[in-house]
Amino acid sequence: MKKLRFGLVIIILISLIWVIKELFIRRGKENSDMVVISDSSPSFSFLNQSGELVSSEDYKGKVYVVEFFFTSCPDICEKMNNNMLFVQNSFFGNADFRIVSFTVDPENDTEQVLREYGEKLGANTKIWNFLRGEKQDIYNLAQEFFISANEDKDSPGGFFHDGNFILIDKRGRIRSRFEDGNPKAVYSGTDKKDIYKLIDDIKVLLND
């Protein structure tokens with residue numbers, strides 16, 4: 001009888017775990033009508049904050065978020081990366097999630113500067129890479145990611161860049177959601193509502 005009861009408890013626990021998982025996935029799907037923005041994402045290969053070569057090949061099979069910023073940015077970058085930190089912490093311990101930040105000011109954002117910036121921010125280096133490369137290569141890459149980025153003396157800090165985040169799925173496709181019948185394409189890195197939408201969509205892609 002005790003063995004029977006123990007078996008029933010195990011079955012109930014397994015069933016409960018399955019139900020919770022299904023509700024979790026369903027919640028993500030209900031909050032996110034996902035769309036493929038591009039069947040492929042741009043290729044890249046740059047050095048990170050530790051001097052290691054990191055390429056788009058390293059992100060195959062991962063869900064990751066892309067942004068463009070610079071460490072001395074006096075405007076939107078602080079808010080963007082505090083929000084990105086919130087995204088990072090929402091998926092702490094998930095081996096299939098990553099973040100990639102490209103600096104638009106590689107001349108001043110050396111490996112050491114990027115490393116110290118990440119440490120101060122609280123970035124987990126197992127999840128989050130800060131990459132630098134030739135300036136024009138970065139700007140061209142940003143355009144391929146549907147982001148505007150360039151040197152501009154009239155912009156705060158001398159550089160212009162969108163404050164948007166881009167979401168890539170495990171198959172290397174740029175993904176987003178429909179809003180008001182149209183593809184959203186990007187997520188605002190400064191809008192908390194958009195950050196919650198991004199988190200919901202990441203959940204969907206991680207379970208895809």
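Modeller: Before we start, UniProt positions are given in the numbering used here, and its annotations may be inferred rather than shown by experiment. The structure above is a predicted model.

Biologist: Which residues does UniProt list for "binding site"?

Modeller: The record is an unreviewed entry, and under "binding site" it gives two cysteines and one histidine. By name, the residues that UniProt lists there are Cys 73, Cys 77 and His 161.

Biologist: What is the limit on how far apart any two of their C-alpha atoms are?

Modeller: In sequence the listed residues span 89 residues, yet in the model they gather at one spot. That follows because no two of their C-alpha atoms are more than a set distance apart, namely 10.1 Å.

Biologist: Which of these residues does the lining of the largest pocket include?

Modeller: The comparison here is between the residues in the UniProt record and the lining of the largest pocket in the model. Of the listed residues, that lining includes Cys 73 and Cys 77.

Biologist: Is Cys 73 buried or exposed?

Modeller: Cys 73 is placed in the loop between strand E4 (63-69) and helix H2 (77-90). Its relative accessibility is 14%, and the cut-off for this class is under 20%. Cys 73 therefore counts as buried.

Biologist: The side chain of His 161 reaches the backbone oxygen of which residue?

Modeller: His 161 lies in strand E8 (residues 159-161) and is buried, with a relative accessible area of 7%. Leaving aside neighbours within four places in sequence, His 161 is in contact with several residues, among them Cys 73, Cys 77 and Phe 68. At 3.0 Å, the side chain of His 161 reaches the backbone oxygen of Phe 68.

Biologist: Why is the pair of Phe 68 and Phe 102 classed as it is, and what is the class?

Modeller: A pair of aromatic rings is described by the distance of the centres and the angle of the planes. For Phe 68 and Phe 102 the centres are 5.0 Å apart and the planes are at 20°, while planes under 30 degrees apart meet the cut-off. The pair is therefore stacked.

Biologist: How many residues apart are Phe 68 and Phe 102?

Modeller: Phe 68 is buried at 0% relative accessibility, and Phe 102 is likewise buried at 0%. Phe 68 belongs to strand E4 and Phe 102 to strand E5 (residues 97-103), so that the pair links distant parts of the chain. In sequence, their separation is 34 residues.

Biologist: Which residue lies over the face of Phe 86?

Modeller: Here the partner of the ring is a lysine, placed at 4.2 Å from the ring centre. The residue over the face of Phe 86 is Lys 192.

Notes
Residues numbered from 1 in each chain as written. Predicted model: local features only at pLDDT ≥ 70, side-chain atom pairs only at ≥ 80, totals over all residues. Heavy atoms only, no water. 1 Å grid on protein atoms, 1.4 Å probe; cavity = no way out; pocket = protein on both sides within 12 Å on 5 of 7 lines; lining within 4 Å. Helix = DSSP H or I, 4+ residues; strand = E, 2+ residues; numbered from the N terminus. Buried < 20%, exposed > 50% of the residue type's maximum accessible area, 1.4 Å probe, protein only. Contact = heavy atoms within 4.5 Å. Polar contact = N/O pair within 3.5 Å; in protein donor to acceptor, adjacent residues only side chain to side chain. Phe/Tyr/Trp six-rings, centres within 6.5 Å; stacked < 30°, edge-to-face > 60°. Lys NZ or Arg CZ within 6 Å of the ring centre and 35° of its normal.
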